[in-house]
Amino acid sequence: MKKFSAIFTFLCLLTGSVHAGAIPRPGDFFLISRNDGGIFVGSHKLFEEYSSGLTKVSYCQRDYFVRAQSVAWTQIESKRGNTVRIELNFGRGWRPICLEPETQVTLKDFGISISAEDFLKGELDENSPKSRLSAVRAVFQTKSPEEENKSYHTR
């Protein structure tokens, strides 16, 4: 029983540390959308270091690295009537540091000439299958989809 408890505790600690990276920390920058009442609607993180899939942009004379999907999101949120700003997490709340980022960087800066809505719709279509497990399953699938869906009794 002690061995089981030790393993369970270790797994809980391991998964807790994995999720800790998603929690905003003081010093993080985000594109944040708020409605007319100032209520949080959504956010996308801005990065200060390059990583695969990110492009260097400048908002309010400060450089960040961002995904094209985040830029499209700012344009859509603005069209919905929400206020989009860059905000800094300073540990006890959020401080706006840059207004109207959707006008400073657009999809055209990424060489994308379609609308933000069409761009994000295309992203969803291109990423099929939808999950890693689906992708792994598709690699090892030996039967056709028609055969796969038959029950044991109809084979």
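**Close-up 1. Contacts of I86 in the predicted model.** Neighbours within four places in sequence are left aside here. I86 is then in contact with F29, F30, L31, L46, Y59 and Y64. Its contacts also include R95, P96, I97, C98 and P101.

**Close-up 2. The largest nonpolar core.** This core holds 20 residues. I86 is one of the members that touch the most others, along with L31, L46, Y59 and L107. Six elements each supply at least two residues: strands β1, β3 (55-59), β4 and β5 (83-89), and helices α2 (68-79) and α4 (116-126). Helix α2 gives the most, with five residues.

**Close-up 3. The aromatic pair F29 and Y64.** A search of the whole structure finds four aromatic pairs. A pair of aromatic rings is described by the distance of the centres and the angle of the planes. For F29 and Y64 the centres are 5.4 Å apart and the planes stand at 65°. An angle over 60 degrees counts as edge-to-face, so that is the label for the pair F29 and Y64. F29 lies in strand β1 (residues 29-34), while Y64 lies in strand β4 (residues 62-66). The pair therefore ties together parts that are 35 residues apart in sequence. Both F29 and Y64 are buried.

**Close-up 4. Y59 joins the aromatic cluster.** The rings of Y59 and Y64 have their centres 6.1 Å apart. Their planes are at 50°, so this pair is tilted. Y59 is buried, with a relative accessible area of 0%. Y64 has 1% relative accessibility and counts as buried too. Together, F29, Y59 and Y64 form one aromatic cluster.

**Close-up 5. A charge over a ring.** Here the partners are R95 and F90. The charged end of R95 sits over the ring of F90. The distance to the ring centre is 4.2 Å.

**Close-up 6. An open sheet of four strands.** Strands of a sheet pair through backbone hydrogen bonds, either parallel or antiparallel. In this sheet the pairing is antiparallel, and the order is β2-β1-β5-β6. Strands β2 (40-46) and β6 (94-99) are the edges, and each pairs on one side only. Neighbouring strands are turned by 35° against each other on average, direction ignored.

**Close-up 7. Strands β1 and β5 side by side.** These two strands pair in the antiparallel sense over six bridges. Look for S33: its bridge partner in β5 is V84.

Conventions
Residues numbered from 1 in each chain as written. Predicted model: local features only at pLDDT ≥ 70, side-chain atom pairs only at ≥ 80, totals over all residues. Heavy atoms only, no water. Phe/Tyr/Trp six-rings, centres within 6.5 Å; stacked < 30°, edge-to-face > 60°. Buried < 20%, exposed > 50% of the residue type's maximum accessible area, 1.4 Å probe, protein only. Lys NZ or Arg CZ within 6 Å of the ring centre and 35° of its normal. Core = buried A, V, L, I, M, F, W, Y, C linked by side-chain atoms within 4.5 Å. Contact = heavy atoms within 4.5 Å. Pairing = 2+ DSSP bridges. Axes fitted to C-alpha atoms, helices over the stretch in contact; angles between N-to-C directions.
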